[in-house]
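Please open the model in the viewer and keep the sequence panel visible. The tour below proceeds by selection, with a description of what is to be found at each stop.

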Amino acid sequence: METRRMEKLGVETSLLGFGCMRFPTNAEGKIDEEKAAAMMDRAIKAGVNYIDTAYPYHNGESEIFVGKVLKNYDRSSLYLATKLPCWNINELADVDRLFEEQLSKLQTEYVDFYLMHAMNRGLFEKMANLGVVKRLQELKAEGRIKNLGFSFHDSYEAFEHIIRYTDWDFCQIQLNYMDTEDGPGMRGYELAEQMQVPLIIMEPIKGGSLACFAEDITAIFGQMDPDASIASFALRWGGSLPNVKVILSGMSSMEQVEDNLATFTDFKPLSAKEKATIEEIAALIRSRVKNGCTGCRYCMPCPAGVDIPGNFSAWNTYHMYQNYNVVRWNWETQLGESKQAKNCIKCGKCEQACPQKLSIRADLEKVQKDLDKKEFLL
């Protein structure tokens, strides 16, 4: 198992981290504990020593399940990560209440890697003003938190503000070969590296988007290595960055565990040729964007209730990856019947406000037609 040393912290972690937010579930929607425990056992025995959970995962059940499973192993041999649900904090006393609840659920006296969960600029300012960062640093001084960091979802500018706020032990961002310019992106990676803050990356396969493509892109991956999974190239891309110390994978099946173990055992960074090919693939994917909606939301609210940017995001993503399953939840559940393009009344108000001068009404017709047709159903 490939490992990486966090020199700043004096710890050595497996490059593959077990993300505990996508365990297999049973008919009731609960964690299938037998299958999930077998998956964790296989990974841990193969050398995975970084286990990542969080307060809200699996409707609050993930921490409880992980706590039960980890009682079967030498606690000192594993690095346990969980996260403070900062959206539930309205006063400083909430920090200790939630932290104690998490320790109880996890059946542990300390957390190795503790993160302020899903930081953005506004939420972080609230936490800083309440004294949350200071209180967590006090818990670290007491030894109940070994390493303190944050996970992040916002712009590069917000990331720079937060990472410079204090001397963080580590941080966690979304990064993959399609997100190099989004959020913190590679600028955020380079800043963390410059500041010697170890980096943990999430969504290395972009929620599964980088694991399954239409035939043309699949063929390009096959030419590089016909025996390797498409997902393995995304994982190797992340692992080729030296300041990436853990790559989290939310595994849902034993097959995914085995594939990841194959990737991270005798790990091979991408060659220069492979990197160039993946850059070409990324450019090809981006070239399939159907319109230039930036998500500025000047077109909103829509009098008919259509989520115009949401529809265009689903449409663009669908064509970029040519895979309906990538947008199924977004289209069918998050947008649903009430916010889909078919409800457009063609009033034209949106087009008057659009700074990109998009043909919104015509494009919304195309959105509904394309996503109802489900041509790319992989």
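Select helix α5, residues 132–141, in this predicted model. Helix α5 lies across three strands, namely β5 (79–84), β6 (111–119) and β7 (145–152). Relative to β7, the helix runs at about 150 degrees.

**The barrel**

Next, display the strands β3 to β10. Which order do the eight strands follow as they close into a barrel? The order is β3-β4-β5-β6-β7-β8-β9-β10, and the pairing is parallel. On average, neighbouring strands of this sheet are turned by 25 degrees against each other, direction ignored. Strands of a sheet pair through backbone hydrogen bonds, in either a parallel or an antiparallel manner.

For one pairing in detail, select β3 (residues 16–19) together with β4 (residues 50–52). These strands run parallel and are joined by three bridges. To locate one bridge, pick G17, whose partner in β4 is Y50.

**An aromatic pair**

Now show the aromatic side chains; the model has 18 aromatic pairs. One of them is formed by F113 and F170, which meet edge-to-face, at 5.0 Å centre to centre and with 75 degrees between the planes. F113 belongs to strand β6 and F170 to strand β8 (residues 170–174), so this pair ties together parts that are 57 residues apart in sequence.

**Helices α6 and α7**

Move on to helix α6 (residues 156–163) and helix α7 (residues 185–194). Their axes come within 10 Å and cross at roughly 15 degrees. Because angles under 35 degrees count as roughly parallel, α6 is roughly parallel to α7. The crossing of α6 with α7 is right-handed. To see the contact, select Y156, E157, F159, E160 and I163 on α6, then R187, G188, L191 and A192 on α7. By class, the residues of this contact comprise five nonpolar, one polar and three charged.

**Helices α2 and α3**

The last stop is helix α2 (residues 62–70) with helix α3 (residues 93–106). Are α2 and α3 roughly parallel, roughly perpendicular or oblique to each other? The two helices pack at an angle of about 45 degrees, with their axes 7 Å apart; α2 and α3 are therefore oblique to each other. On the α2 side, the contact is made by E63, I64, V66 and G67, and on the α3 side by Q102, K105 and L106. This contact of α2 with α3 has three nonpolar, two polar and two charged residues.

Conventions
Residues numbered from 1 in each chain as written. Predicted model: local features only at pLDDT ≥ 70, side-chain atom pairs only at ≥ 80, totals over all residues. Heavy atoms only, no water. Pairing = 2+ DSSP bridges. Helix = DSSP H or I, 4+ residues; strand = E, 2+ residues; numbered from the N terminus. Axes fitted to C-alpha atoms, helices over the stretch in contact; angles between N-to-C directions. Contact = heavy atoms within 4.5 Å. Parallel < 35°, antiparallel > 145°, perpendicular 65-115°, else oblique. Left-handed = near helix turned anticlockwise from the far one by under 90°. Nonpolar A, V, L, I, M, F, W, Y, C, P; charged D, E, K, R; others polar. Phe/Tyr/Trp six-rings, centres within 6.5 Å; stacked < 30°, edge-to-face > 60°.
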